[in-house]
Amino acid sequence: MTARYSGARRFARTTFTRLRFGLCRIEEAMKQGLPANNGLSDFVLGVPELLPRAAGEPLLTDVQFASLEAGVATGADLLVSAPTSTGKTLIGWWAIASAIKSGGRAVYLVSHRALAKQKFEEAQRLFLNGLFAGDRSAIVCATGDGVEDASGRKTNAPLAASLVVATYEKFLGCLSVGGPPKDLTDTAIVCDEIQLIGDAHRGRNVELLLTLLRRSGWRQLVGLSAVISADDGQSLADWLRLGLVRNVTREKALRIECRTPTHILEVSASPGHVGELTQREGRANQGPLDIVGELLARPGAGPVITFCMKVDQTYELCRDWSARRPETMRVVVPQGLELDAQLRSALGRRAAFHNAELGEDERLYVEERIASGLVDVVFATSTLAAGVNFPLGSAVFAAWKRWNFDRGRAEPIGRAEFQNMAGRVGRMGQAAAEGLVILAADGGASANQASQLMDLSAQDELGIGIHPEDFGSLTLQLFAGRLCANRRDAFDLIASTLSASREAALGDGTVNHWEPELNAQIDRLVRAGCLIEGRSQVSATAFGVAVARSGLKPETVLFFIEGLVRRSVELSEMLPSDEEPGTEDDLLFVLAHAALTSPEFNSEGGEATRRINWRVGRMLVGNDFARRLDRLLWERPWQADVSASNGALLVTGWAAGETRLQLDARVPGVRLGVIEATARDVAWILTGIAEIIAEMTSPVLADESKPEALRGSGAQTQAARRLARSFRRVASRIASGLPSDILWMTSLELRNAARRRLTRTQMLALRHQGLTRPHELMDGGAPADERRRLALVAGEEGPALANQVRDAARIWKQDEREHFRRLHVRRAERMQAEAIIAAMYDARGDALEAVFEQAMSLVAVGCERLDQPGNQAHPDFLVTIEEFPSIVVELKTKANDAALVPLNAATEVLSASELIGLGGSFCVTVCSPGVEPNVPGIIERCGRLCVVSTSDLAEAILRLREGSLTREGLYNWLTTPGVALREDLPHPR
């Protein structure tokens, strides 16, 4: 690329360096100043984090400068390829800032859940108070854990936000809701780690997403990659029709050293230079701990990250290192954090380990300690190399080969993974003059393999992301999204992918050999009831659309539905009632066991999408749940699948609120992070199943559109419908690790506290003190104060935190309602309905009844007043939506937002409907401001009552007017037993 430097001073001259594979032009390191017509807005120019400066002048890396020249801030579509530590993230933020400043929307796509959360926090810091004027609903994070905005509130409409930070898979799911948008030309999209398109396991979803985006168009697309070759970069850029900005050198020096028994291999890279591999005679420490000690003795070489290929190696090396070191600091664990005992001991010796078996809060705590300079050495798996930046001075590879179970041997990791891990050190802004990476090899073949990894001038080939075995899930997505009308359309679309062009290049220039595989998958989906085929057309059924939206295998959904219908009556009797507390943990165990034995964890219907950690199934443990409930399990006897039985036991204990010590005793050797990961997988499956059951048991859906097991209106089908919202609530319990009675505490927002939300440990401590309901937590009396302090006493912030929790409970519902009132009134202004929507929040008693009639009129829903003068004890309204059976509606209000409608008031409509001869009708209680959080299970069990807050009803009314909710969807939402929430509003077809 020809450089034009207007007002920019070079810090080093352009050089030409002889590389292993030819002559390559290398640009200099840093540039001061900006290129002409750079396009950066005044907003970006005024935010230091968005524009680094030195001596008052902008200071850019080479690739940042080149990207501005290429037009990244003026809407140019670019693929930016440069090594780690060259500031690619900032390039993405520039594109996003330009789009938002110009009135557009933006999406930042990342590879991992943890990285999404980091970028989500970063986006809030950069844009919330500037571009979005403090509107927390404008920024949304979407991952497999769920979708929430910057206020921490859940939403199922992420595409309505101005800025979405998401994983690739989750955003693909968001686009698939109701069919992918046909036009995204108002949206700038940043694709981080875009080389994932060639990943053997995840590439198919990334490639399908990019294929859909190619069809819908975009305002701007910027791809970022650190490990893509020149040829692959050009190929990908051509396929996406992007300009290519490529820089092959680092902005800070990096030296990689491989030690063998007789000599040392070495290669280095620095600004403007990529060196050749050299070899010199000599011997040096080869043991990882000896190397760590050697590095820490050098000024500026720490902290040191020691990469391990096995989780157990992180524990072993950290233990051995810590045994050599005295305790030098006292570790004060933050309130609410349960910390592993070995980890706490290591931290006192300025050491740590970091892997996927740590709990999420533990990993974050370790990362904070590293960032604060309180850790000298961390022993980590690749979990600490997923794009997150830390001030690491050196790296040691304790191993660089990983066991290949299919081939039964240890094999070197890929060059891309090695370079990404090595690139974690010597990053811009760190004190050391250069980053140093050391690995060891036995010599001979091992040394040759190491030298291939060390070749910084080369990158691995991109690989093929889509394979014929992936056609099942891809085909369902294509037809469910209405992207194809017949078999030929589907084949042509798949043949247009990047993988298809690469596959064709390897053979006869075509992918015709893929067509029989595709047709076989279409036949499979027809048999499963997901597709229906006429003489010339193929289309997705309502069931197929629901399955595609969930991301589950069709086989998993059918497995659940068939098993559920046979057991639905007995399972629904586990829910609480007025007379008995129910056995919800039993229900939870049965559902968790079903999830863990489902096809998601085996090869039925294609490659497993989830795996249970091997430690979970090492040994069969005593399991009272399994013994008592064996006859209700989908797969039995329970002893036949040790992993599923143990996993369900752990998940049940986690959701029941067991402590870390109690969980540790359940299945020896299984750490908290494994339990959390298992719980996330189970919660994801149950959430998808909940949505499908609610939709497939809808009274407005024709039997022909339902799976055979759910047709008709028999007792089993009705019991299955009663369980739809129970599934979702069980999934929420599993995801958060909490009993039902304190789930509501997850939405408490603490003001002026170290953390905005209570931790799981803190919520359970409050429960232990008998504080489970809002009025108990907000009580200002001396006994309640004492119980709050006892629950939250640990740490210096204990007394203050107790008061903050009390205050948060007092304004909990008020805060939430004010947040949504502001958003809803703003949306209502577009349809001249702001007065009605505002009154739905403000009115009480008779005034609310009048507003309710106006709201029904606004959406053309029939509303007959029953509670007329002389009609004693009548419900308030009879509501009729289209030709569907009428709904009996009662409104219940409290005088202020701190008070909630209790169970007795919420259920009065049932007896009232019976008194007037409507005992067979479905009933709805509309509550303002809301309902007591202990209500859901009891309401679900009764089978003909739904409770909805005025805030959630306002959301439904607005969506109906906006066209994103159908009348059938509204009716189904209001007639599903339980508490209706905005986040489970049906998606449009």
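Here is a short tour of the protein chain as a whole, followed by a look at Q477.

The model is predicted, with local features needing pLDDT of at least 70 and side-chain atom pairs counting only at pLDDT 80 or more, while totals for chains, interfaces and linings use all residues. Residues are numbered from 1 along each chain as its sequence is written, and side-chain values use heavy atoms, leaving out hydrogens and water.

**The whole chain**

Going by DSSP runs (helices are H or I, at least four residues; strands are E, at least two; both numbered from the N terminus), the protein chain has 37 helices and 33 strands. Its radius of gyration, close to what the globule rule gives for 989 residues, makes it as compact as a globular protein of that length. That radius is taken over C-alpha atoms, and the rule is 2.2 Å times the number of residues to the power 0.38.

| Property of the protein chain | Value |
|---|---|
| Radius of gyration | 30 Å |
| C-alpha box along the principal axes | roughly 100 × 65 × 60 Å |
| Exposed area (Shrake-Rupley method, 1.4 Å probe) | about 38,400 Å² |

Carbon and sulfur atoms supply 49% of that exposed area. As for contacts (heavy atoms within 4.5 Å), 71% of those with a separation of 6 or more join residues 24 or more positions apart.

**Zooming in on Q477**

Q477 sits in helix α14, which covers residues 471–480. Is Q477 buried or exposed? With a relative accessible area of 17%, Q477 is buried (buried is under 20%, exposed over 50%, partly exposed in between, using a 1.4 Å probe and protein chains only). Beyond its neighbours within four places in sequence, Q477 touches S176, L208 and A548. Across the protein chain, 58% of the 989 residues count as buried too.
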